[in-house]
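Dear colleague,

Please find the sequence and the structure below. My notes on what was found follow directly after them.

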Amino acid sequence: PMGEAPAAELDAVLAGGGWDVGETLEGAPQAPGPVRLGRNVCYVVLAVIFDEEERVLLVQEAKAGCRGRWYLPAGRMEPGEGIVAAMRREVREEAGLECEALTLLALEERGPAWIRFAFLARHTGGTLKTLEEADAESLQATWWAGDPCSLPLRALDILPLLELAARYRRSPPHPATLPQELPCASVCLRLLVAFATDAGDLWVLLATAGTPHLPVVACGTCPPEHAGGLRLPVLRLLRQCLQGDPCPGPLGLLGLQHRAGGSGGADGVCFNVVLSIPGSTGGAPPEPRGTAWRWWRVEEESVRGRILQRLQGAATVPIRS
């Protein structure tokens, strides 16, 4: 019943898994070559960890610009390092603890130039860092039971993350989402673009070059996109492939793919995202421009239900720009 739809790819993406990116991406221009940490991209990791008494792990900064202030364990990824491995290293260096990633809580981004992966994690061992062990990474760490705002914080941007973590622990709005180990040369987005009607009809946009597949678009291919947010390349692609001026809904993260030390040393990431195109009075999706694109009408009830469920705002990892 799936016909020429990419059944296996859809299943993997909806389940938070990964899928091979391939060599050719949709839309022009193409990516400007492999991305590398410290050169043309910056990835930051951050961890929210609670103990058995519902206290949150905070670290006291040692850096000159914010020395003595408190923050969640966080820091930059290093070349050749996996995303979860980087988060665990930062927690170990700054707090003295070992941890296990439970899920990605949020993706915070300013385009491919700066991306932060915020995790909910679980404490698994180690000893809390004390002032006697202060070094260049941090002064000390603590389990904090009170209002974080009662401390001198390095920045208030951790407060929404603490709220997200508390909400997820009470009732997880989306499945546990962790990076999948698959190589990627650039920062790119795999798009599950859906068009739904009030009557429950649903279409998904497919690229038709080769085997029909979900479109993949590179990020940062022109100066405005370097620090302009991941939504810009999405708009660029949709305006190229659909008639009219499509204005998609918010991006929701279904999953992500990254492999440390990829081909040629590339540090690319593919973000699998879902978004909707608002309905029109005609009840049909906007016409594609040319034969390189087509809409696939989703007839199978289980697939339609999974896509519609993921289109709900809270059913995906939030992307914050």
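I begin with one residue pair: in strand 13 (residues 293–297), Trp296 stands opposite Val204. Please bear in mind throughout that this is a predicted model.

Val204 belongs to strand 9, which pairs with strand 13 in the antiparallel sense over five bridges. Strand 9 also pairs with strand 8, again antiparallel, over three bridges. On that side, Val204 of strand 9 has Ala194 opposite. Five residues lie between the strands in the hairpin of strand 8 and strand 9, and Gly200 takes a positive phi near 95° there.

Strand 9 spans residues 202–207 and is mostly covered, with six of its six residues buried. Its two faces are both covered: Leu202, Val204 and Leu206 are buried on one side, and Trp203, Leu205 and Ala207 on the other.

Strand 8 (residues 187–196) also contains Arg190. Is this arginine, Arg190, buried or exposed? Its relative accessible area is 1%, and the cut-off for a buried residue is under 20%, so Arg190 counts as buried. The side chain of Arg190 makes a polar contact of 2.9 Å with that of Gln257.

Arg190 is also among the residues in contact with Phe271, once neighbours within four places in sequence are left aside. The other contacts of Phe271 are Leu107, Ile115, Phe117, Val187, Cys188, Leu189, Leu230, Leu253, Gly255 and Leu256.

Phe271 leads to the largest nonpolar core, which has 54 residues; Phe271, Tyr43 and Phe117 have the most contacts inside it. This core lies between domain 1 (7–35 + 184–318) and domain 2 (42–170), because both domains give residues to it. Another core, of 21 residues, lies apart from it and includes Leu46, Val56, Leu105 and Leu120.

As to annotation, the unreviewed UniProt entry assigns "domain: Nudix hydrolase" to residues 36–166. Over that stretch, the chain is 17% helix and 37% strand, and the C-alpha atoms at its ends are 34 Å apart.

Finally, Glu52 sits in the loop between strand 1 (43–50) and strand 2 (56–60). Glu52 has a relative accessibility of 73%, which is over the 50% cut-off, and therefore counts as exposed. Between the C-alpha atoms of Glu52 and Arg122 the separation is 10.0 Å, although the two residues are 70 residues apart along the chain.

With kind regards

Methods
Residues numbered from 1 in each chain as written. Predicted model: local features only at pLDDT ≥ 70, side-chain atom pairs only at ≥ 80, totals over all residues. Heavy atoms only, no water. Core = buried A, V, L, I, M, F, W, Y, C linked by side-chain atoms within 4.5 Å. Buried < 20%, exposed > 50% of the residue type's maximum accessible area, 1.4 Å probe, protein only. Domains from an automatic or database assignment. Contact = heavy atoms within 4.5 Å. Helix = DSSP H or I, 4+ residues; strand = E, 2+ residues; numbered from the N terminus. Polar contact = N/O pair within 3.5 Å; in protein donor to acceptor, adjacent residues only side chain to side chain. UniProt positions renumbered as here; feature names shortened; annotations may be inferred. Pairing = 2+ DSSP bridges.
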